[in-house]
Amino acid sequence: GGDWARAPIPSLIVEVLSPSTRRRDRNQKRELYLEIGVPDYWIVDPETRAITSVRPGAKDIKHTDRITWSPTGASESLVIEIAPLFE
């Protein structure tokens, strides 16, 4: 097993909600990821066909059309159309 305390902090974490993980992903994991400094956490909700983006120091944003990710140092942003993900 690896030592998670020494692992680098991910630039992006994406969780897909399921009935068994819904509460944990929206609450405990959200707080953990913000606490350790993950810059972007996306919560994919198949029920609402939306992605909520969570960033430290910002309000959560619910995206239903498209989501854009612009990590530090990237020359271009990644743009994802959301509707096709749920077809």
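Which side chains meet in a salt bridge at 3.2 Å, N to O? The side chains of Arg 22 and Glu 47 form this pair, where a salt bridge is defined as a side-chain nitrogen of Lys or Arg within 4 Å of a carboxyl oxygen of Asp or Glu. Arg 22 lies in helix α1 and Glu 47 in the loop between β2 and β3, so the salt bridge ties together parts of the chain that are 25 residues apart in sequence.

The model is predicted: local features need pLDDT of at least 70, side-chain atom pairs count only at pLDDT 80 or more, and totals for chains, interfaces and linings use all residues. Residues are numbered from 1 along each chain as its sequence is written, and side-chain values use heavy atoms, with hydrogens and water left out. Helices (H or I, at least four residues) and strands (E, at least two) are DSSP runs, numbered from the N terminus.

The sheet is described next. Four strands form an open sheet in the order β1-β2-β3-β4, with mixed pairing; two strands are taken to pair if DSSP finds at least two bridges between them. The edge strands are β1 and β4 (61–63), each of which pairs on one side only. From one strand to the next, the twist averages 20°; axes are lines fitted to C-alpha atoms, for helices over the stretch in contact, and angles run from 0 to 180 degrees between N-to-C directions. Strands of a sheet pair through backbone hydrogen bonds, either parallel or antiparallel.

Both senses of pairing involve β2. Strand β1 (residues 13–16) pairs with β2 in the parallel sense over four bridges. Within this pairing, Trp 42 in β2 is the bridge partner of Val 14, and Val 16 stands opposite Val 44. Strand β3 (residues 50–54), by contrast, runs antiparallel to β2 and is joined to it by five bridges. Here Tyr 41 stands opposite Val 54 in β3. The hairpin of β2 and β3 has four residues between the strands, and Arg 49 in this hairpin takes a positive phi near 55°.

Strand β2 (residues 41–45) is mostly covered, as five of its five residues are buried. Buried means under 20% relative accessible area, exposed over 50%, and partly exposed in between (1.4 Å probe, protein chains only). Tyr 41, Ile 43 and Asp 45 point one way from β2, whereas Trp 42 and Val 44 point the other way.

Asp 45 also takes part in the charged interactions. The structure holds nine salt bridges. One of them joins Arg 22 to Asp 45, with the closest N and O atoms 3.1 Å apart. This pair links distant parts of the chain, since Arg 22 belongs to helix α1 (residues 22–26) and Asp 45 to strand β2, 23 residues apart. Side chains of opposite charge can pair when their charged atoms come close. The residues concerned differ in their cover: Arg 22 is partly exposed because its relative accessible area is 22%, Asp 45 counts as buried because its relative accessibility is 4%, and Glu 47 is exposed because its relative accessible area is 62%. Arg 22, Arg 26, Asp 45 and Glu 47 are linked in a network of salt bridges.

A further salt bridge involves helix α2. The side chains of Glu 31 and Arg 30 meet at 2.6 Å, N to O. Arg 30 lies in helix α2 and counts as buried because its relative accessible area is 18%, whereas Glu 31 is partly exposed, at 46%. Leaving aside neighbours within four places in sequence, Arg 30 is in contact (heavy atoms within 4.5 Å) with Asp 25, Tyr 41, Val 54 and Asp 60. Among these residues, Tyr 41 and Val 54 are the opposed pair of β2 and β3.

Ile 36 lies in the same helix, α2 (residues 28–36), and is partly exposed because its relative accessible area is 39%. Together with Ile 9 and Leu 32, Ile 36 forms a nonpolar patch on the surface, with about 250 Å² of accessible area together. Patches are made of residues with over 30% relative accessible area and no salt bridge: like charges are joined within 9 Å, nonpolar side chains (Val, Leu, Ile, Met, Phe, Trp, Tyr) within 5 Å. Accessible areas come from the Shrake-Rupley method with a 1.4 Å probe; for residues, only the protein chains shown count as cover.
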